[in-house]
Amino acid sequence: MSRWIAKGLRTGIRTTRFPQAGVRGEEGAPSAIRLRWQGLTAVEGLEAAAICPTSAIETSGTAEEGELRFDAGACILCGRCTRRFPDAFTPVENPRVAVRSRDQLRTTLRWERGEAPAPVALAAAASAVQQAGLRLFRHSLHIRHVDAGSCNGCESELQMLSAPYADLHRLGLFFTPTPRHADLLLVTGVVTENMKAPLLETYAAMPAPKLVIAAGACAISGGSFAGGPTTVGPLDRLLRVDAYVPGCPPTPQALLHGLLLVLGRASQGYRADQEDQGGA
Amino acid sequence: MSGALARLASAAGLQLEWYGGDQAHAAVPGAEFSELVSALARRATLSDLFATTTIKTPPRLTAVLQVADDPAWLLLTADLESTRFASLTAQVHAASWYEREIFEMHGLEPVGHPALGPLRLHHRPEDQPPVPDGRGETAAVPSRINSRRRTPSVTGQGVFQLPLGPVRSGPQESAEFLFYSGGEDIVEVDLRLGFKYRAIELLAEGLRADQAIQLAERLAGTSAFANGLAFTRAVERVSGVDVSPVAESTRALLGEVERLHNHFGSIARLAEATGLLVAAAQYGLLKEETLRTAGRLCGHRYLRGVLRVGGVQVVPGADARAQLQAQIGDWTQRSDRLTRLLEQTSTFLDRLDTTAVLLPDYASEHNLVGPVGRASGIDRDVRRDHPYAAYGSVEFDVPTVADGDAEARFQVFSRELKQSLGIIRQLLEHWPADREEPGVTAWHEGSALGWAEAPGGECLHWVDLDGQGRLLRWRARPPAVVNWHPFAHACGSGNNLTDYPVIEASFSISAAEFDR
Ligand code: SF4
Ligand code: SF4
């Protein structure tokens with residue numbers, strides 16, 4: 001046993017400096033995709049929608065007149081659009097990609113009379129409003145996780161939260177096995193018919209005020225499994241969601257950002273249609 | 001094509017039709033199917049058994065077999081005249097869960113099956129089909145299975161029930177375990193899966209095969225690449241496309257990176273289950289480093305979005321390869337040292353020793369796969385037995401241990417880590433030059449099998465495509481479909497309730513991969 005203690009001491013501190021300092025790119029792969037609309041023509045937009053395997057890029061109309069809807073909440077980071085149209089679809093290396101409202105992951109472009117696509121409405125800005133109840137959890141928070149029908153990719157990243165790099169506990173965040181002690185429900189996976197009841201029972205057993213996070217494309221939008229014959233659909237069809245963490249799976253740091261965001265301990269960094277806003 | 005498979009087939013009087021040199025198909029009459037497969041399974045391994053039901057054609061059964069010392073696969077098909085067929089389970093135990101799935105999903109009844117119960121469907125009214133009809137070509141037949149729990153076989157004074165799940169205590173997958181215990185011991189476990197049933201194979205029907213790769217990659221996150229690869233290779237077999245050497249090396253390399261992050265993760269969980277938090281943290285570091293390396297090699301931590309029909313979308317760049325090469329020595333050294341430390345830690349070994357034993361006889365009757373099988377003496381690995389990607393050009397051992405307990409599974413994990421690191425080193429040393437790849441030029445109609453050795457074991461995907469490359473039927477048989485079957489048996493082999501976390505960690509098995 002003493003050998004293990006020595007081993008632990010020798011390794012020293014490996015914890016990420018996130019969220020206190022910049023960690024861009026530390027996790028080896030992007031945390032989301034962003035649409036740089038200035039870099040996209042209508043023809044390219046139509047082709048991007050055709051190659052996107054989910055509903056993350058959808059179009060209607062023609063090259064003369066039409067519309068493109070981009071939804072980072074449905075993006076599974078397959079890399080097709082970023083490889084094909086690197087000027088328009090750009091990987092986000094900043095892990096601060098969690099948002100408070102579903103609309104902040106979406107943007108819509110429109111074009112008429114053969115002109116270049118332009119945004120109809122910019123993605124909603126980060127909301128400054130904080131819920132009063134949040135202050136209760138500012139220093140420690142107990143998380144109840146429910147896998148509502150994931151592929152286990154999201155769980156694999158969640159398990160990394162307890163590993164030294166992310167080290168959840170240093171931030172006062174803990175997983176709890178009992179819903180009655182839980183402040184926050186963290187849901188992964190598309191909600192399947194078979195998991196709907198256990199999910200809702202867990203939520204009901206939690207004391208108020210309760211926070212809810214939808215983690216991963218599946219929980220946010222159904223992701224790859226949207227519209228499946230045995231699924232109920234995205235989480236916010238069943239519960240009010242306080243934060244969305246995009247990704248497939250969301251990286252450990254993106255998950256941390258989501259947790260700190262609902263607690264009011266981190267600010268929002270992502271907008272579906274703007275350049276990286278800096279920070280972290 | 002001579003060899004063990006051809007000899008076996010000719011002895012059984014089968015007319016073989018060869019497909020690309022590595023798989024032989026034979027059609028047999030429905031009435032003879034069960035008897036023939038039972039007879040063949042005495043000298044071959046039954047690796048899959050599934051049904052295809054469509055609106056237009058009679059129900060069809062397909063058995064997938066492999067013969068020792070022959071790199072080819074034998075696929076036997078039979079069209080049934082009714083919705084009943086003779087169960088194989090009494091002769092071939094490995095058929096048991098396959099037949100249950102055939103009954104549950106297709107309504108074909110294996111007559112004489114000893115325990116037909118539900119596998120994945122819950123609470124479904126009897127008259128409602130599992131999925132809407134008319135998707136692709138498949139019509140799911142209403143299931144006649146009663147989804148209520150079976151009555152416990154264990155009764156008696158002092159036996160109590162302890163439920164666990166489906167919502168678990170930590171960030172784990174949803175599954176339900178009902179323990180029957182007399183106090184501390186586990187008398188029996190009633191396992192209930194299917195909570196995560198996303199109907200992936202059905203969802204893909206009607207899609208063009210290249211658009212369905214992302215679904216194969218999302219069958220299970222921790223074996224995304226192996227499942228994607230087995231699927232892609234099945235499609236390539238049908239379409240007759242060639243894959244360049246650099247794509248083959250990329251496929252093997254990323255397959256091994258996936259094994260590394262899984263096995264590091266598995267040992268981390270074993271350490272955690274035995275209370276060795278420093279060891280868990282050390283292996284956790286190794287897993288995170290592997291995931292980051294994966295991201296730098298291909299742009300995705302779980303190796304998704306790399307595969308395409310006819311090759312790969314991204315070849316790891318020279319920088320990322322050099323970085324990996326520099327990393328290997330360090331990983332090998334650290335993982336060796338950690339393994340040695342664990343082997344000297346009695347609190348670790350005592351918890352694993354004789355825990356959740358699967359005896360070699362049981363393992364071979366059920367044709368167990370992967371580290372779980374190899375820890376019970378099953379010397380099988382498709383990387384060696386049915387070489388694919390670049391595995392034919394590298395040297396490696398397939399470690400086996402005969403003890404069949406959690407400690408044996410730990411041994412297999414750690415020895416496989418060493419082999420994987422060796423394979424990666426060899427691949428990087430002989431990296432082929434980049435080459436343009438044509439990909440698919442024309443789709444062909446037909447069906448074929450693809451395979452890969454996932455971290456959890458042999459992973460088989462079978463596809464049937466139409467002339468435009470659209471999926472008519474997709475059968476996924478990832479390792480979890482095989483290895484959940486012995487799980488309850490292993491739990492009941494004289495263990496205590498407190499052993500449960502160790503048992504689960506030693507199986508390192510995904511519910512998503514079973515539920516699909
Ligand atoms: S990366 Fe996301 S947006 Fe781009 S094609 Fe893939 S799923 Fe669609
Ligand atoms: S979001 Fe992606 S990683 Fe998470 S459960 Fe869905 S498919 Fe798996």
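Which residues does B:S181 touch, not counting residues up to four places away in sequence? In this predicted model, B:S181 touches B:G158, B:V159, B:F160, B:V187 and B:L497, where contact means heavy atoms within 4.5 Å. The residue sits in strand β9 (residues 176–181) of chain B; helices (H or I, at least four residues) and strands (E, at least two) are DSSP runs, numbered from the N terminus. With 0% relative accessibility, B:S181 counts as buried, a class defined as under 20% relative accessible area, with exposed over 50% and partly exposed in between (1.4 Å probe, protein chains only). The B:S181 side chain also reaches the backbone nitrogen of B:G183 at 3.0 Å.

Residues are numbered from 1 along each chain as its sequence is written, and chains are lettered from A and ligands numbered from 1 in the order in which they are written. The model being predicted, local features need pLDDT of at least 70 and side-chain atom pairs count only at pLDDT 80 or more, while totals for chains, interfaces and linings use all residues; side-chain values use heavy atoms, with hydrogens and water left out.

Between the two chains, 57 residues of chain A are in contact with 66 residues of chain B. The buried area is about 5,100 Å², and carbon and sulfur atoms give 57% of this; buried area is the accessible area (1.4 Å probe) that two parts lose on being put together, summed over both. Three salt bridges are found across the interface of chain A and chain B, a salt bridge being a side-chain nitrogen of Lys or Arg within 4 Å of a carboxyl oxygen of Asp or Glu. In one salt bridge, the side chains of B:R292 and A:E26 meet at 3.6 Å, N to O. In addition, 25 residue pairs, both at pLDDT 80 or more, are in polar contact between chain A and chain B. A polar contact is a pair of N or O atoms within 3.5 Å; within protein, one must be able to donate a hydrogen and the other to accept it, and residues adjacent in sequence count only if both atoms are side-chain atoms.

Elements that each supply at least two residues of the side of chain A that touches chain B include α1 (2–11), β7 (141–147), α4 (153–160) and α7 (252–262) of chain A. The largest share of that side, seven residues, comes from α4(A). Seven of the eight residues of α4(A) are buried, and these buried residues pack against β7, β8 (173–175), β9 (184–188), β11 and α7 of chain A together with α8 (277–298) of chain B.

Around ligand 1 there are 13 residues, of which A:C52, A:C75, A:C78, A:G79 and A:C81 come nearest; a residue counts as near if one of its heavy atoms lies within 4 Å.

Two cis peptide bonds and two backbone angles were also examined. The bond joining A:A208 and A:P209 is cis, with omega about -5°, and A:P209 lies in the loop between α5 and β11 (211–215) of chain A. The bond from A:C248 to A:P249 is also cis, with omega near -5°. Phi of A:R113 is positive, near 45°; A:R113 is exposed, at 61% relative accessibility. B:S508 has a positive phi of about 45° and lies in the loop between α17 (500–507) and α18 (511–515) of chain B.
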